[in-house]
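This briefing is for a reader who is new to the structure shown below. It is sorted by topic and can be read alongside the model.

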Amino acid sequence: MHKSIKCRYFSMAVAASCLALSTAVSADSVMEEVIVTAAKRQQTLQDIPVAVSVTSGETVEQAAIVDINDLQSVVPTLRVTQLQSSNNTNFSIRGFGNGTNNVGIESSVGIFIDGVYRSRSGAAISDLPRLERVEVLSGPQSTLFGKNASAGVVSVVTPTPSGDTGGFISGGISNFSGYTASGLYESALSDDLSFDISGNVNVRDGYFDNSFDGSEQNERDRWGIRGQVFYTPTESTSIRVIADYDEIDEVCCGTTNLLSGPTEGAVRFVGGDLVPNAPFSRDSYLDVTPFNEIENGGISIQADIDYERFTLTSITAYRISDVFKDVDIDYTSASISSGGQQELELDTFTQEFRLTSNSDGNIDWMVGAFYFQEDLDFSDQVIWGDDARGYFDALVAALGAPGALDLLEAGAMIPAGTFFASGSGVQEAMTQDDESYSFFGQFDFHLSDVLTATVGLNYTKAEKEVTIQQDNTNLFAQLPAALVGPLSVLQLLPPIVDLPNSVEDNTTDDEDVTYTVRLAWDVTEGINVYASTNTGFKASSWNLSRDTLPNANDLAALTAAGLTACCANLETGQRFAGPEESTVYEIGLKARFQRGTFNIAIFDQEIEGFQSAIFNGTGFDLRNAGKQSTEGVEFDLVYYPIDSLKLTLSGVFLDPIYDSFPLGEDPNGVPDLSGEQPAGIHEVSVSTSATYYFQIGENDVYVRGDYQYEDEIQVVDNIAESIASREVKLLNLSAGLSTPDGWDFTVWAKNVTDEDYLLSAFPTPAQNGSFNGYPNQPRTYGLGVRRNF
């Protein structure tokens, strides 16, 4: 039976069960109402006709979730993947998403913290502050959230200062010599001015060994501070100011060798070492320490002014994110490369204005405008190390041409030892100025007491300007390929043409209109159904990597203009990928019954021009897929069989496909993918949990367990499933005790059964036929104590 048909049968069965359960709707429900702001106005979770998953602050604490990466254990529609460094995280919802180690590519999932957009995932991965809730909105959300929400939105909401004097101090310990500490103090300076200030520290040894020098990787070493004030000068006006700053100084992120190819002998010939064919050894040999130094900070001001018929909201924010990191790009202890340092500076300003109706009537409306401006400065380098020449000499000998590099140097009258000389290599400097604005409006027409029609529109214009400069002293890559013959496979890191130039434009200018159309029907007091279509938009993304290449027409024009003399082996590619445009058709049901809730959405979602970025071993092959789509079902169930036992079950079933992705015979090993299932997308993702509440004397106690399952898939498109696959089976346990006098004690364990799986994988740089991968975090456990006052 076709998978999409199975999804439909499943959804029909579950919906029928829900309708039976919903006959028990009662005003005496044990469920508390959950308030969300998914549509930028307060509504209850069960009333809002949108597919949204909500994780409460209580669940975050009980499940020992410390950052956004951990959220996927309780939200199956969300996948968060840690990649090369502490700031390199990829988000996807319903299988849609991108955002790799290429700084020019923004995520298709919009990340918002207290209404402020974070353009890069690295600016959102610091430890979470005190939370009210986290909302995950599935499907395109561009009507209200703008240009980079074509796959969905993650919205983190924190509480405002209460005005009461109090707070907490907490600490914890864990395996791998880990410890955490955090605290918060809040009070009021007057009846109309309250504040809070908080801080956190998270330190842990690494669980990844570097057998070359005995050091460790994948550690935690981060801290942050946050303060806010809440001012209500009148009953109709409130002003909230938030300032935060955090630092990360970590050695991360470890990789393992999945398959050692024919170059292993050359690595060992020059005295290098590696742990071959051991995907879950969590051990490696590195002669360069992969450090990450990250600083994030910012300030936001939100003002809300209530008028007779509407509320004016203004959110102004300025943020910075600075990253300095290094990586051993050959992933061995041989000094083939002496490092791959990167530096990134982001300065971002955003401004949003909204008018939201607040009076009773047949129409609820919202109109607004959003402005975004960001300056990006990025530099990176790959420098050959002391063992590079010996390594490539060994590869040349293996190809049957010993001494060929010496002969080529002599023939070209180049000093001996020039090719792959220590200290030679490539250095790039890139900038991007990104400016966009949008105007949006959404109107809810209450056709009757039980029937509401919604229409929303968004116009977005996005302009980007980039510069790209390269200093290339890697002379072997500059020789004509015809001259070196079969050794051309070793012409890594070839030179590129700088931007701007007289042929290629270094700007993109995109605009799009997205919309929402929805009909919602309150069938009964406890059952709501809806049908909707939404569209999304993501602006063009520039390939800010050393594989940024002109298209075929531009290459011909560059050659005619004499601009390719620097670059004998220049190939065709794409400087940028054009916009993504997404569409979803969805029907959903939300039911509230006496002892629980049940929500389900059946959808058909597609993205035209999906921005695919595949790492090929030296850089990123960025291009637009013609069309990627998925049919699926997502659901969540909360059920209290008794007042003291909370059970949850949620999941997503997908049938993804590349409808059109014609690549031809791609030189980077990716065939035409049209008709194939996209890698990295699970067809089945399910999360379930049970939390039992009881008392010991006067102490409140809970015991919790949650389990996450995802079926086996191919991890990335350009590595076979037999080499890099993933199946997830995660069990997490926790328990806590709270005393009447304000003490909380917790104990927790994650990945209790110590399961192994791969987060991602890639072709090993400069080692054709070898592949590396990122294994998951092993079992961790710890305990914590908190004093509330």
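Over the ring of which residue does the charged end of arginine 786 sit? The ring belongs to phenylalanine 168, and the charged end of arginine 786 is 3.8 Å from its centre. The model is predicted. It holds 27 aromatic pairs and 31 salt bridges.

**Aromatic rings**

- Tyrosine 117 and phenylalanine 372 make an edge-to-face pair, with 5.8 Å from centre to centre and 65° between the planes.
- This pair links distant parts of the chain, since tyrosine 117 belongs to strand β7 (residues 116-118) and phenylalanine 372 to strand β22 (residues 363-383), 255 residues apart.
- Tyrosine 117 counts as buried because its relative accessibility is 8%, under the cut-off of 20%.
- Phenylalanine 372 is buried as well, with a relative accessible area of 0%.
- Another edge-to-face pair is formed by tryptophan 384 and phenylalanine 392, at 5.3 Å centre to centre and 75° between the planes; both residues are buried.
- Ring pairs join tryptophan 384 and phenylalanine 392 with Tyr391, Phe419, Phe420 and Phe476 in a cluster.
- A further charge over a ring is found at phenylalanine 603, where the charged end of arginine 94 sits 3.7 Å from the ring centre.

**Helix α5**

- Helix α5 covers residues 388-398, and its buried residues are Ala388, Arg389, Tyr391, Phe392, Ala394, Leu395 and Val396.
- Two of these, Tyr391 and Phe392, also belong to the ring cluster.
- The cover over the buried residues of α5 includes α4 (264-269) and α6 (404-411).
- Glycine 400, just after α5, has a positive phi of about 90°.

**Salt bridges**

- Lysine 40 and glutamate 352 meet through their side chains in a salt bridge of 2.6 Å, N to O.
- Lysine 40 is in the loop between β1 (35-36) and β2 (43-44) while glutamate 352 is in strand β21, so their salt bridge ties together parts 312 residues apart in sequence.
- Both residues of this bridge, lysine 40 and glutamate 352, are buried.
- Lysine 464 and glutamate 106 form a salt bridge of 2.9 Å, N to O.
- The bridge ties together parts that are 358 residues apart in sequence, because lysine 464 lies in strand β24 (residues 451-472) and glutamate 106 in the loop between β5 (89-93) and β6 (109-113).
- Lysine 464 is buried at a relative accessible area of 3%, and glutamate 106 is buried at 0%.
- Lysine 147 and aspartate 434 also form a salt bridge, with their closest N and O atoms 2.9 Å apart.
- Here too distant parts of the chain are linked: lysine 147 is in the loop between α3 (142-145) and β9 (152-157), aspartate 434 is in strand β23 (residues 425-446), and 287 residues separate them.
- Lysine 147 and aspartate 434 are both buried.
- Through shared partners, salt bridges join Glu106, Lys147, Asp434 and Lys464 into one network.

**Backbone features**

- Cysteine 252 and cysteine 253 are joined by a cis peptide bond with omega of about 10°; cysteine 253 is in the loop between β16 (237-251) and β17 (256-259).
- A cis peptide bond also joins leucine 499 and proline 500, with omega of about 0°; proline 500 is in the loop between α7 (481-484) and β25 (507-522).
- Alanine 64 is not a glycine, yet its phi is positive, near 55°.
- Alanine 64 is in the loop between α2 (57-62) and β4 (78-82), and it counts as buried at 13% relative accessibility.
- Tyrosine 331 likewise has a positive phi of about 55° although it is not a glycine.
- The place of tyrosine 331 is the loop between β20 (310-325) and β21 (342-357), where it is buried with a relative accessible area of 11%.

**Surface patch and asparagine 732**

- A nonpolar patch on the surface is formed by Ile173, Tyr179, Val201, Trp223, Ile225, Val747 and Leu783, with about 630 Å² of accessible area together.
- Tyrosine 179, one of the patch residues, is in strand β11 (residues 178-190) and is partly exposed, with a relative accessible area of 43%.
- Asparagine 732 is in strand β37 (residues 725-738) and counts as buried at 10% relative accessibility.
- Leaving out residues up to four places away in sequence, asparagine 732 touches residues including Ser73, Arg704, Asp706 and Lys750.

Methods:
Residues numbered from 1 in each chain as written. Predicted model: local features only at pLDDT ≥ 70, side-chain atom pairs only at ≥ 80, totals over all residues. Heavy atoms only, no water. Phe/Tyr/Trp six-rings, centres within 6.5 Å; stacked < 30°, edge-to-face > 60°. Helix = DSSP H or I, 4+ residues; strand = E, 2+ residues; numbered from the N terminus. Buried < 20%, exposed > 50% of the residue type's maximum accessible area, 1.4 Å probe, protein only. Lys NZ or Arg CZ within 6 Å of the ring centre and 35° of its normal. Patch = residues over 30% accessible without salt bridge, like charges linked within 9 Å, V, L, I, M, F, W, Y side chains within 5 Å. Areas by Shrake-Rupley, 256 points an atom, 1.4 Å probe, with all protein chains shown as cover. Salt bridge = Lys/Arg side-chain N within 4 Å of Asp/Glu carboxyl O. Contact = heavy atoms within 4.5 Å.
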